[in-house]
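Here's a quick look at how two parts of one protein chain sit against each other. Have the model open while you read.

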Amino acid sequence: MSQWITVLGATGSIGSSTLDVIRRHPTRYRVYALTGFSRIDQLVSIAVEFSPKFIVVPTLAAANKAQALLASSQHECEILVGADALVDVASAKDVDMVMASIVGAAGLLPTLAAAKAGKRVLLANKEALVMAGPLFMQAIRDNGAELLPIDSEHNAIFQSLPANYRGDFSQHGIEKILLTASGGPFRNKTKAELSQVTPAQAVAHPNWSMGAKISVDSATLMNKGLELIEACFLFNCRADQVQVVVHPQSVIHSMVQYRDGSVIAELGQPDMRTPIAYGMAWPERIDAGVKHLDLFDIARLDFTEPDHETFPCLNLAKDAFERGGICPAVLNAANEIAVAAFLAEQISFLAIPELIQKVMSLCPEKLVHCLDDILAADKWAREQANSILAEFKNNKQLAGQE
Ligand code: NDP
Ligand code: MG
């Protein structure tokens with residue numbers, strides 16, 4: 001019997017890789033809904049190929065455009081509009097699994113809805129977990145949902161943990177997680193060199209092909225910071241139990257170190273179809289279209305410590321996790337504003353951590369009791385970040401330049 005999947009963020013990089021896995025297994029998986037945001041032409045063309053029951057677009061104007069495109073292709077599917085529709089297609093009764101691959105905070109509500117509806121949640125949208133870790137994990141447990149990490153590092157950790165792991169390191173003799181990082185496109189660059197880098201250079205990742213926001217996060221090492229928080233929430237551990245290891249080849253996707261000296265790792269190509277296929281088929285294994293790893297071709301693997309001085313975002317994230325409460329949500333929101341401003345060429349690369357650090361220094365210590373606390377923290381942090389951004393602009397300086 002086929003399993004029904006909703007792909008949130010189907011027009012993105014993870015969305016496209018997910019559809020490629022589905023394309024290879026047309027009887028095993030059927031598409032319930034596909035969602036897009038700005039790339040409506042692409043959304044319609046994948047709708048024509050995969051025949052979902054629904055597509056979701058953000059506005060009526062986008063719906064009209066999609067309608068016209070569908071009519072000209074003589075294809076029918078129902079078009080839904082807006083954020084509530086994202087929640088509906090993530091939690092609908094007929095859906096078995098949801099690929100959560102909207103980028104940023106916009107993915108939180110539908111991803112949480114999938115957890116609350118007891119679906120298999122394929123979690124790529126790390127920002128949702130960073131914002132709402134404890135609430136999200138509780139929703140998974142309370143509703144019998146299955147959480148399969150898609151982020152390649154977390155997928156590797158999941159594969160390297162005992163199959164019966166339920167969130168207790170000591171029970172299984174686990175010492176720590178070794179979270180690998182490629183180091184991004186600016187590994188080994190000095191601060192002076194970083195003051196000049198452009199958005200085009202930042203999005204050109206050496207190993208992985210990804211959306212613009214996560215590519216910039218990789219370049220600042222905020223991606224590793226968000227992943228450190230993600231690992232702590234997913235696997236129920238402390239930040240000091242996660243060690244970041246720079247491994248430029250991205251062959252080892254992360255490791256788990258055990259008390260007896262064993263280190264278990266998952267290796268593979270830097271191709272997201274591997275973790276995606278793993279999450280979709282778990283506990284089975286299916287073809288993902290990924291070429292096999294040739295160790296002779298790779299020949300050597302390197303490991304170094306991260307450069308915290310040049311790339312302060314990793315420690316900003318660690319601090320936010322350790323402060324707890326609303327701090328990870330505030331960090332995430334400040335980062336989203338900073339990255340968007342950098343991509344729009346409003347601030348320099350070095351101003352990204354500067355802006356985030358300024359917002360974090362204003363962040364009150366507040367506990368999270370419910371989702372509204374998180375949404376309020378997200379809103380507050382965006383307002384703070386935008387007003388600091390306005391100051392940067394008023395000073396007519398591209399902050400971060402030395
Ligand atoms: P992309 O930018 O390629 O895709 C993002 C998707 O989200 C697109 O479908 C986009 O629609 C949609 N989207 C953007 N804004 C909104 C919004 N406000 N409301 C609804 N939908 C929206 O990103 P990636 O695929 O690279 O990343 C997706 C997520 O997966 C991120 O959280 C990222 O951190 C995570 N991830 C990605 C990896 C990768 O290799 N790419 C690896 C590990 C994690 P449209 O394009 O139509 O505008
Ligand atoms: Mg990753």
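Let's start with the polar side of things: between domain 2 and domain 3 there is one residue pair in polar contact, with both residues at pLDDT 80 or more. Salt bridges don't help out either, as the count across this interface is zero. Keep in mind that this is a predicted model.

So which elements does domain 2 bring to the contact? Those that give two or more residues to the side touching domain 3 are α8, α9, α10 and α11. Of these, α10 gives the most, with six residues. Here are their ranges:

| Element of domain 2 | Residues |
|---|---|
| α8 | 191-194 |
| α9 | 199-202 |
| α10 | 212-220 |
| α11 | 222-235 |

Sorted by class, that side of domain 2 has twelve nonpolar, three polar and three charged residues.

Now for the area. Domain 2 and domain 3 bury about 1300 Å² between them, and 85% of that is on carbon and sulfur atoms. Within the share that domain 2 buries, P199, K213 and M222 supply 35%, more than any other three residues.

And the wider layout? The protein splits into domain 1 (3-150), domain 2 (157-270 + 285-298) and domain 3 (324-393). For the pair discussed here, the C-alpha centres are 24 Å apart, and the contact takes 18 residues from domain 2 and 14 residues from domain 3.

How values were computed:
Residues are numbered from 1 along each chain as its sequence is written. Chains are lettered from A and ligands numbered from 1 in the order in which they are written. This is a predicted model: local features need pLDDT of at least 70, side-chain atom pairs count only at pLDDT 80 or more; totals for chains, interfaces and linings use all residues. Side-chain values use heavy atoms; hydrogens and water are left out. Domain bounds come from an automatic or database domain assignment. Contact means heavy atoms within 4.5 Å. Buried area is the accessible area (1.4 Å probe) that two parts lose on being put together, summed over both. A salt bridge is a side-chain nitrogen of Lys or Arg within 4 Å of a carboxyl oxygen of Asp or Glu. A polar contact is a pair of N or O atoms within 3.5 Å; within protein, one must be able to donate a hydrogen and the other to accept it, and residues adjacent in sequence count only if both atoms are side-chain atoms. Helices (H or I, at least four residues) and strands (E, at least two) are DSSP runs, numbered from the N terminus. Ala, Val, Leu, Ile, Met, Phe, Trp, Tyr, Cys and Pro count as nonpolar, Asp, Glu, Lys and Arg as charged, and the others, Gly among them, as polar.
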